[in-house]
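Here are a few exercises to try with the model open on your screen. Have a go at each one before you read the solution.

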Amino acid sequence: MIGLDYGHKIFFVTSNNGKYVEANQKIKNIEQKNIDYPEIRSENLSEIVVYGIEFLKEKIRKPFFIEDSGLFIEVLNGFPGPYSKYVYNKVGCKGILKLMRNEKNRAAIFKSVIGYYDKKIKVFEGICEGEISIRMKGKSGFGYDPVFIPKNSNKTFAKMDIQEKNMYSHRGTALTKFVNFMEKQRLFLKY
Ligand code: IMP
C-alpha cells in the first residue's frame with residue numbers, strides 16, 4: 001500500500017462503493033460520504049469535477065475529494081465518454097458489446113479525474129489505454145470492468161483484484177498523483 005495516514009480523515013464524496021474501495025487501497029485515512037451533487041455534461045472531466053466541488057464546498061467543512069470517470073471508444077468517436085454512466089445504466093456492458101460486434105478496432109481509453117478541495121481546488125488525472133474485449137469476463141469490480149482489458153495485460157479489470165486493477169487503471173494513476181501531492185504537503189507542513 002502506498003497509503004498514508006494523514007492524521008485527519010479526508011472525505012471521498014461518492015455513491016460508488018467500488019470507487020471508494022479502490023481509493024482506500026491507496027489511501028487509508030478516507031471516509032466515504034454519500035452526498036448528491038450535480039454532474040454537468042461535458043467532454044472535459046475536469047470541468048465536471050470543478051463544478052461538483054463548487055457545489056459541495058459550502059456544505060462540507062473538511063477536506064474532501066470527488067472523482068469522475070468515463071470510457072472513450074475510438075471507433076465510436078469517443079462514445080460513451082460523458083454519457084458513460086447513462087449508457088451503462090441503460091444498456092450496460094452487453095450494450096457496448098453489441099455496438100462493437102463487428103468492429104476490428106477495439107481500442108478504448110478510460111479517463112479519471114480526481115478533484116481535491118482543501119481551501120483551494122487541485123485536480124489529478126489518470127488515463128488507461130486498452131481495448132474492449134470480445135465477451136464479458138470476470139466478476140470483480142463494477143461498471144464496464146468485465147469488458148475492458150488494459151494495455152500490457154490480457155485480463156479484463158473484472159478478472160483482477162483491487163491492487164492489480166489499481167496498478168493499471170486510470171483511477172489508480174490519478175490516485176497515485178494525489179498521494180504524491182499529499183505526501184509533499186505533509187513534508188511541507190513538517191518543516
Ligand atoms: P462516473 O464517474 O460515476 O460518472 O462513471 C461513469 C461510468 O463509467 C459509470 O457507469 C461507471 O460505472 C463507469 N466506470 C467508471 N470507472 C470505471 C472503472 O474503473 N471500471 C469500470 N467502469 C467504470
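**Exercise 1.** Find the polar contacts of the ligand with Asp-145, Tyr-144 and Asp-68, and say which part of each residue takes part.

*Solution.* Keep in mind that this is a predicted model.
Step 1: start at Asp-145, where an N or O atom of the side chain lies 2.6 Å from a nitrogen atom of the ligand.
Step 2: go to Tyr-144. Here it's the backbone that takes part, with a polar atom 2.9 Å from a ligand nitrogen.
Step 3: try Asp-68, which uses its side chain, and this time the ligand atom is an oxygen, with 3.4 Å between the pair.
Step 4: now look at the cover. On its own the ligand has 480 Å² of accessible area, and the protein covers 94% of that.

**Exercise 2.** Work out where the ligand sits and what makes up the shell around it.

*Solution.*
Step 1: look for the largest pocket, because that's where the ligand sits by the more-than-half-of-its-atoms criterion.
Step 2: list the neighbours, taking a heavy atom within 4 Å as the cut-off. You should get 15 residues, and Lys-19, Ser-69, Asp-145, Lys-165 and Arg-171 are the closest.
Step 3: sort the shell by class, which gives seven charged, four polar and four nonpolar residues.
Step 4: trace the shell back to its elements. Strand 3 (64-73), helix 3 (84-99) and helix 5 (170-190) each bring in at least two residues. Helix 3 gives the most, with three.

**Exercise 3.** Describe the fold from end to end, then decide how compact the protein is for its length.

*Solution.*
Step 1: count the elements, and you'll find six strands and five helices.
Step 2: read their order from the N terminus: β-α-β-α-β-α-β-β-β-α-α.
Step 3: compare the radius of gyration, 17 Å, with the 16 Å that the globule rule gives for 191 residues; the two are close, so the protein is as compact as a globular protein of that length.
Step 4: check the extents too. The C-alpha trace spans about 55 × 30 × 20 Å along its principal axes.

**Exercise 4.** Pick out the backbone features at Asn-77 and Pro-80, and say where these residues lie.

*Solution.*
Step 1: look at phi of Asn-77. The angle is positive, about 55°, although this residue is not a glycine.
Step 2: move to the bond that joins Phe-79 and Pro-80; this peptide is cis, with omega about 0°.
Step 3: place them. Asn-77 is in the loop between strand 3 and helix 3, and Pro-80 is in the loop between strand 3 and helix 3 as well.

Notes:
Residues numbered from 1 in each chain as written. Predicted model: local features only at pLDDT ≥ 70, side-chain atom pairs only at ≥ 80, totals over all residues. Heavy atoms only, no water. Polar contact = N/O pair within 3.5 Å; in protein donor to acceptor, adjacent residues only side chain to side chain. Areas by Shrake-Rupley, 256 points an atom, 1.4 Å probe, with all protein chains shown as cover. 1 Å grid on protein atoms, 1.4 Å probe; cavity = no way out; pocket = protein on both sides within 12 Å on 5 of 7 lines; lining within 4 Å. Sits in = over half its atoms within 2 Å of the grid points. Helix = DSSP H or I, 4+ residues; strand = E, 2+ residues; numbered from the N terminus. Nonpolar A, V, L, I, M, F, W, Y, C, P; charged D, E, K, R; others polar. Rg over C-alpha atoms; globule rule 2.2 N^0.38 Å.
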